[in-house]
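Please work through the following exercises with the sequence and the model open beside you. Each task is followed by a solution that proceeds step by step.

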Amino acid sequence: EQSRLGEKILHHRAMVALSMIALRSNAGAGRARSDRRHQTAMMAVGSKGPKEFSVPRLGTGTWAWGNKVVWGYEESMDAELGRAYEAARRLTACDQASNGAGALFDTGDSYGTGRLSGRSEVLLGEFGERHRSEDDKGEGEEALLATKLATYPWRVTRGSMVSACEASLRRLKVDKVGLAQIHWPASNYNPLQEQALWRGLGDIYDGGLARAVGVSNYGPKQLKKIHAYLAGRGVPLATCQVQLSLLSYGPMQKELVAVCADLGVTLITYSPLALGLLTGKYGEGGVKAPTAIRSLAFRKAAPKCGPLLRELERVGEECGGLTQGQVALAWCVAKGTVPIPGAKTAAQVEQNFGALGADLTASQCAALERAAEESGARVQQNIFQTE
C-alpha cells in the first residue's frame, strides 16, 4: 500500500512540475508601452475574419527551446535549432495542401527556464531576423509566429495583457505577431482575472498587435463563452489549442473537435506525440526518457503502450513505411486538427513533416482509436484545462 501511494505521489509531482514550469516569470520583461522598432513581418493571415486565417497543416512547437528542466536544453543547441527553424520553413513551403500559409511556430512568453525565461521567443526572433536578412529578394511567406501569453497571477488587468504582448513582440522582433493566445484560463480559480484576460485579448486585436487571437487549454464550454464575448466586440476567435493525441482523446477532446468545427475555430493540438511516447522510443523495451520529469510522466502510460505502438506500426506499413510517430501525427491531421509537435533538430522536423505524406482512412483511424482505448494507456491532462 505504501508503495502504491509513493508511486501516486511521484506521478502527481511530475505532472505538477510539467504544468508549473510555465509559471516561471520573464525576468526583466518591461511592462510599459514602448515604440516597436522592427519592420512589420508579413504573416500568412487573411484580412476578412476567422475564415481567412490561414495556417499550415502542421506546425512546430518550441516549448523545448530554452527549457532545461523537461527537455534538457543547452545554449550549444542553438545552431541546430536554427537549422530546425529553416527546415520547417522550407517544408511548409513545399506542402501545397497548406495553401501558401507560412510556417507555424508555436511559442509562449513563459517558455524557457530560470535566467532563460522567454528564450524560445528570443530564438525565434533571432532566426527570423537572420532569415529576412538573407532573403534579400523577399520571396516566400513569412513565418506565422503564434505566441501564448501566460496567465500569471499578476496579470489581472486588460492592460497587463497588452503589455505582455508588446514584450513578446520585442523578443520576436516583429511589430505584429501572427497569433496571440491566452495560455490557460483562470476561470477555475479567479473568474475576475478571466474577464480581464478576455478584454485584454480583444484589446490586442483591436490595437493591431496581432493578426489573429486564440486561446489554449479551453474546453468546449469555456470556448463558447469567450467566442461569444469576442464576437460581441467584433473580434474573431481564430484558434483553440488543446492537448490531444491518441493517448489524450476523451469525451472533452471529442466534443471540442465538434464545437470548433461549428464555430469555425481552428483546433491546434499540442503534445500530439504524448511527450514522445507515440514515437515508440520509450515504450516496451525502449530507451529511458532523457529527463527525470519525463520518466515520471511516462511511469504509468509507457508499460501499457505496446498494443497501440504495434497498431501504429501496422498502419505505418500500410501507408508505405511511415514511422509510428508519423502515423500518430497523421491521425491528428485526419481528425481535422493542426498538430504542433516539438522539434530540436532539423532531422526531427523532417520526420514530423513526413506525416503529411499519408491521408489516413476512416477505418485506419478507428483501428488506432480502438487500440488506444483497449491499451488503457493515458497521459495526464494539463491541470489548467477547463471544461
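The exercises below begin with the chain as a whole and then turn to individual residues, and the model they use is a predicted one.

**Exercise 1. Confidence and overall make-up**

Task: Establish how confident the predictor is along the chain, and which residues have a pLDDT that stays under 50.

Solution: Begin with the average pLDDT of the chain, which is 85, and note that 81% of the residues score at least 70. Next, look for the stretch that departs from this picture: over residues 1-51 pLDDT stays under 50, although the model has 114 contacts beyond four places in sequence for them. Where pLDDT is low, predicted coordinates should not be read in detail. Finally, take stock of the fold, in which the chain has 13 helices and eight strands, while buried residues make up 56% of its 387 residues. Among contacts between residues at least 6 apart in sequence, 81% join residues at least 24 apart.

**Exercise 2. The setting of Thr 269**

Task: Determine whether Thr 269 is buried or exposed, and identify the residues that it touches.

Solution: First place the residue, which lies in strand 7, covering residues 266-270. Its relative accessible area is 0%, and because buried means under 20%, Thr 269 counts as buried. Then list its contacts, leaving out residues up to four places away in sequence: Thr 269 touches Val 242, Leu 244, Cys 332, Thr 337, Val 338, Pro 339 and Ile 340. With one of these, Thr 337, the side chain of Thr 269 also forms a polar contact of 3.4 Å. As a last step, compare sequence and space for Ser 245, which is 24 residues from Thr 269 in sequence and 7.7 Å from it, C-alpha to C-alpha.

**Exercise 3. Arg 119 and its partner**

Task: Find which residue meets Arg 119 in a salt bridge, and state what the pair ties together.

Solution: Start from the position of Arg 119 in helix 4, residues 119-134, where its relative accessible area of 16% makes it buried. Its side chain makes polar contacts with the side chains of Tyr 73, at 3.2 Å, and of Asp 78, at 2.5 Å. Side chains of opposite charge can pair when their charged atoms come close. Here Asp 78 and Arg 119 meet in a salt bridge, with 2.5 Å from N to O. Asp 78 belongs to helix 3 and Arg 119 to helix 4, so the pair ties together parts that are 41 residues apart in sequence. Both Asp 78 and Arg 119 are buried.

**Exercise 4. A second salt bridge of helix 4**

Task: Locate the partners in the salt bridge of Arg 171 and give the accessibility of each.

Solution: The partner of Arg 171 is Glu 121, and their closest N and O atoms are 2.6 Å apart. This pair links distant parts of the chain, since Arg 171 is in helix 5 (residues 158-172) and Glu 121 in helix 4, 50 residues apart. Turning to accessibility, Arg 171 is buried at a relative accessible area of 17%, and Glu 121 is buried at 0%.

**Exercise 5. The buried side of helix 12**

Task: Name the buried residues of helix 12 and explain why they lie on the same side.

Solution: Within helix 12 (residues 346-353), the buried residues are Ala 346, Val 349, Asn 352 and Phe 353. They lie on the same side of helix 12 because they cover an arc of only 115° around the axis. These buried residues pack against strand 1 (60-61), helix 3 (78-94) and helix 11 (324-334).

Methods. Residues numbered from 1 in each chain as written. Predicted model: local features only at pLDDT ≥ 70, side-chain atom pairs only at ≥ 80, totals over all residues. Heavy atoms only, no water. Helix = DSSP H or I, 4+ residues; strand = E, 2+ residues; numbered from the N terminus. Buried < 20%, exposed > 50% of the residue type's maximum accessible area, 1.4 Å probe, protein only. Contact = heavy atoms within 4.5 Å. Polar contact = N/O pair within 3.5 Å; in protein donor to acceptor, adjacent residues only side chain to side chain. Arc of directions from axis to C-beta. pLDDT = per-residue confidence, 0-100. Salt bridge = Lys/Arg side-chain N within 4 Å of Asp/Glu carboxyl O.
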